[in-house]
Amino acid sequence: MRRQVLLFISLASLCSVFGQVTYNIPEEMSRGSLVGNIAQDLGLEVKRLKAGKARIYGVNAEFIELNKERGVLLVKERIDREALCAQTTPCALHLQITLEDPIEFFSVTVEINDINDNAPSFKKDEMKFRISESAVIGAKFVLERAMDLDVGVNGLQGYSLKPTDNFHLKLQNQQDGSKKVEMVLQKHLDREAQDHLSLTLTATDGGDPQLSGTMRVDISVLDVNDNAPVFTQEVYKVTIIETALKSTILSTVSAVDADQGSNGKISYSITNTLDDVPAIFKIDEENGVVALSGNLDYEKAHHYEIHVQASDDGGLTDSCKIIVEVTDTNDNHPSINIMSKTNSISENSRQGTVVTIFNVEDPDSGDNGKVACNIEENMPFLMKTTSKKFFSLVSDSELDRETASQYNITVTCSDEGVPSLSSSVTLQISDVNDNAPVFERSSYEAYIVENNTPGLSIFTVKARDADWNQNARVSYILEDSSVNGVPVSSYVSVSADSGVIHAVRSFDYEQIKDFHFRVKAQDGGSPPLSSNVTVKVLIQDRNDNPPQVLYPVQTGGSLVAELVPRSADVSYLVTKVVAVDVDSGQNAWLSYKLQKATDRALFEVGLQNGEIRTIRQVTDKDAVKQRLTVIVEDNGQPSRSATVIVNVAVADSFPEVLSEFTDFTQDKEYNDNLTFYLVLALAVVSFLFITCLVVIISVKIYRWRQSHVMYHSNLPVIPYYPPRYSDTLGTGTLQHVYNYEVCRTTDSRKSDCKMGGAGSQNVLIMDPSSTGTMQRIQSEKNILDEPDSPLEHHGQRHLTLIPKFSVL
């Protein structure tokens, strides 16, 4: 069948603010067919559609697509008006087009025009009637109505019944615009002449070309039943709420038949075939009670017409109509459709910035369909009504991401019914770099113990940025500066990510006590913001230096002795040990102890001041040569120490002690090698002992064997004396050999410790290379009496012996 497609396109004027355009197109257009030039009709440029990310919304948006490249609307899917709108006219698609940056909204209505693509049809191919031959002229028989899905002129227009020998067709207009089709007897039936009739009912529409549908009417002629059932009323009206439960009774129909017996027995049935009535309603065949068997929905159908037929066993019938009015209830929630949404908004956005546009639909009617929307109080946003069912959400005050990083906005839309419907919109506040990093403290102090390992972590600085993401990513930078003329970067380094300060070198407290520098914290914003903080590093002392003895000076080339007269009284100040420790604090607190002494009962050392004093009165029995070993300890953990040897000469004059100190060097060497000699002697003695033991045992065995072999012969024993035996046991001191060894320091006058004091000094310097011994001593004494002599100390007399020769 050839179809003619008519295309009607009309452009409506734009509405204020958002605008509206209406198009008319026929149904069944092929995919890709042009609907209209939306860009031209809305006065927009094609590039605006692209830049604004134009999108199309709507309940039936799947049928229409927007071509942003050409700025036109095209048919996306084939549109069947009958499937989309059924019998509703006009049939239209209500669409919305939104743009962003800035947000704009347009309404588009596409009306779908019907074409004659559906022929009238009957649900049944055949209807059967059993009609008595006694049926009176004018008896009416209701025929099934045809259904044409098309509307208007293309819809159902008329019926025809052939042949028309016994019956003619009668059409009655109904309130809903349909027609009641009745077959009216116009000539008596004669079962004996013809007991079966076959008629054809044809339904035609008004389209071009005209389409039609047929149904066969099969009539069986029954024997005499001259009274048909008659309903007590022709029309019944019922009102029922749409939420009524199943089995709810709507009404009871009643018909009477004057016949008796089986010809007067009436049965009821619903004759609707093309609509949903048989699925929703039911009737009791015997008593005519009409009840609800399905669910009602006011939004789908506001009223129903139930056609009820009463039949007796003779085949006579009558019909009535039940008109059911469905009342609306608030059984539908408002639906919120977000048409355009901004997921994030900058915190420096201006007041009145549009965040979201949405529309609200409520299929209920009357007050149940009236919708009002609002948001929570104390929110920096405002709800505005842009049109009847469209709303926009805009900012109402300045935003601060650091105060609130996001808002969970609950939009509540409610109708007059209960309960109301709500929807939530989560809005992120995008960050602006408006906060500089802030250190946790205004300044920092870090401590590190000296002699640290390079690379050791000293301290960690921490800064926080109230911004978010990249704007809050803090980097730490060591600012350029110098410490004692050296760049601070050679002392410390700062980790850019963590702010950990590392030592670049090993620090020495004795060289540097503290230093400071500045660290800058900079965020990752554009432009970046920064702040500074001062970090002071304090070097803590470690006990890494032993005490240093300044006096008496210890040298390997000379020997200094302090002179104590034999008339010295108790607490006589012999000398003072002077020592220093370059450490600090308790690491530099020094204490002095007497470790060894020739006569411990004669001298003592001051614990704190290092003064060596006599404990008792000096006597003639005391040895001239006294040797004291003093240990100097600091108070560190662990403590460090130094020892110093103090030689003291107990004598009233220099010649008296000269011979006593000539062997100091030998004593010193002897003491130094004592351990070695002891070990060597022990080894030699052990070896000799074992050797002698073996020899003795061997000799004993040998002699025992010889005594038995040689019959015990006796031999004289002649003692043996080595040559000069008598000389080896000579007595006397230094009879044959005289050894003198005197040492003198070469740097005794270069000592840093110079003690000055009043009173004369008596120093004995022994130089054996000189022939005039006493004269040389006197001259050295005069030299040492000078005030600048480094050996002067508290008016004490000391002796310096200088090695120059050896006498054999």
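In what order do the four strands of the open sheet with strands 33 and 36 stand? In this predicted model, the order is 33-42-41-36, and the pairing is mixed. Strand 33 (443–449) and strand 36 (475–478) stand at the edges, and each has a single partner strand, so one side of each is left without a neighbour in the sheet. Neighbouring strands here are turned by 30° against each other on average, with direction ignored. In the middle of the order, strand 41 (residues 514–522) and strand 42 (residues 530–540) run antiparallel and are joined by nine bridges. To pick out one spot along this pairing, aspartate 514 stands opposite leucine 538 in strand 42.

Another open sheet of four strands, again with mixed pairing, has the order 1-7-6-3. Its edge strands are strand 1 (20–26) and strand 3 (55–58), each of them pairing on one side only. For this sheet too, the average turn between neighbouring strands is 30°, direction ignored. Strand 3 runs antiparallel to strand 6 (residues 91–99), and four bridges join the two. Here isoleucine 56 stands opposite isoleucine 97 in strand 6.

Next come the aromatic rings. A search of the whole structure turns up 14 aromatic pairs. One of them is phenylalanine 439 with tyrosine 476, a tilted pair with 6.5 Å centre to centre and 50° between the planes. This pair links distant parts of the chain: phenylalanine 439 belongs to strand 32 (residues 438–439) and tyrosine 476 to strand 36, and the two are 37 residues apart. Strand 36, remember, is one of the edge strands of the sheet with the order 33-42-41-36. Both phenylalanine 439 and tyrosine 476 are buried. They also belong to a cluster, in which ring pairs link Phe439, Tyr444, Phe459 and Tyr476.

What about phenylalanine 676 and tyrosine 677? Their ring centres are 5.9 Å apart and their planes stand at 55°, so this pair is tilted as well. Phenylalanine 676 has 54% relative accessibility, so it counts as exposed. Tyrosine 677 has a relative accessible area of 43%, so it is partly exposed.

Rings can also have a charge sitting over them in this model, and two cases are worth pointing out. The charged end of arginine 505 sits over the ring of tyrosine 491, at 4.3 Å from the ring's centre. Lysine 513, for its part, lies over the face of tyrosine 509, 4.7 Å from the ring centre.

That leaves the salt bridges. Side chains of opposite charge can pair when their charged atoms come close. The count for this model comes to 15 salt bridges. In one of them, glutamate 28 pairs with arginine 78, and the closest N and O atoms are 2.4 Å apart. This pair, too, links distant parts of the chain, 50 residues apart: glutamate 28 is in the loop between strand 1 and strand 2 (34–36), while arginine 78 is in the loop between strand 5 (72–75) and helix 3 (81–85). Arginine 78 counts as partly exposed because its relative accessibility is 46%.

Helix 3 itself supplies a partner for another salt bridge, in which the side chains of aspartate 114 and arginine 81 meet at 3.3 Å, N to O. Aspartate 114 lies in the loop between strand 7 (104–113) and strand 8 (126–132), and arginine 81 is in helix 3, so the pair ties together parts that are 33 residues apart in sequence. Are these two residues buried or exposed? Aspartate 114 is buried, with a relative accessible area of 17%, and arginine 81 is buried with a value of 1%. The pair is also part of a network of salt bridges that links Arg81, Glu82 and Asp114.

Lysine 180 and glutamate 182 make one more salt bridge, with their side chains meeting at 3.3 Å, N to O. Lysine 180 is buried, with a relative accessible area of 15%, and glutamate 182 counts as buried at 2% relative accessibility.

Methods:
Residues numbered from 1 in each chain as written. Predicted model: local features only at pLDDT ≥ 70, side-chain atom pairs only at ≥ 80, totals over all residues. Heavy atoms only, no water. Pairing = 2+ DSSP bridges. Axes fitted to C-alpha atoms, helices over the stretch in contact; angles between N-to-C directions. Phe/Tyr/Trp six-rings, centres within 6.5 Å; stacked < 30°, edge-to-face > 60°. Buried < 20%, exposed > 50% of the residue type's maximum accessible area, 1.4 Å probe, protein only. Lys NZ or Arg CZ within 6 Å of the ring centre and 35° of its normal. Salt bridge = Lys/Arg side-chain N within 4 Å of Asp/Glu carboxyl O.
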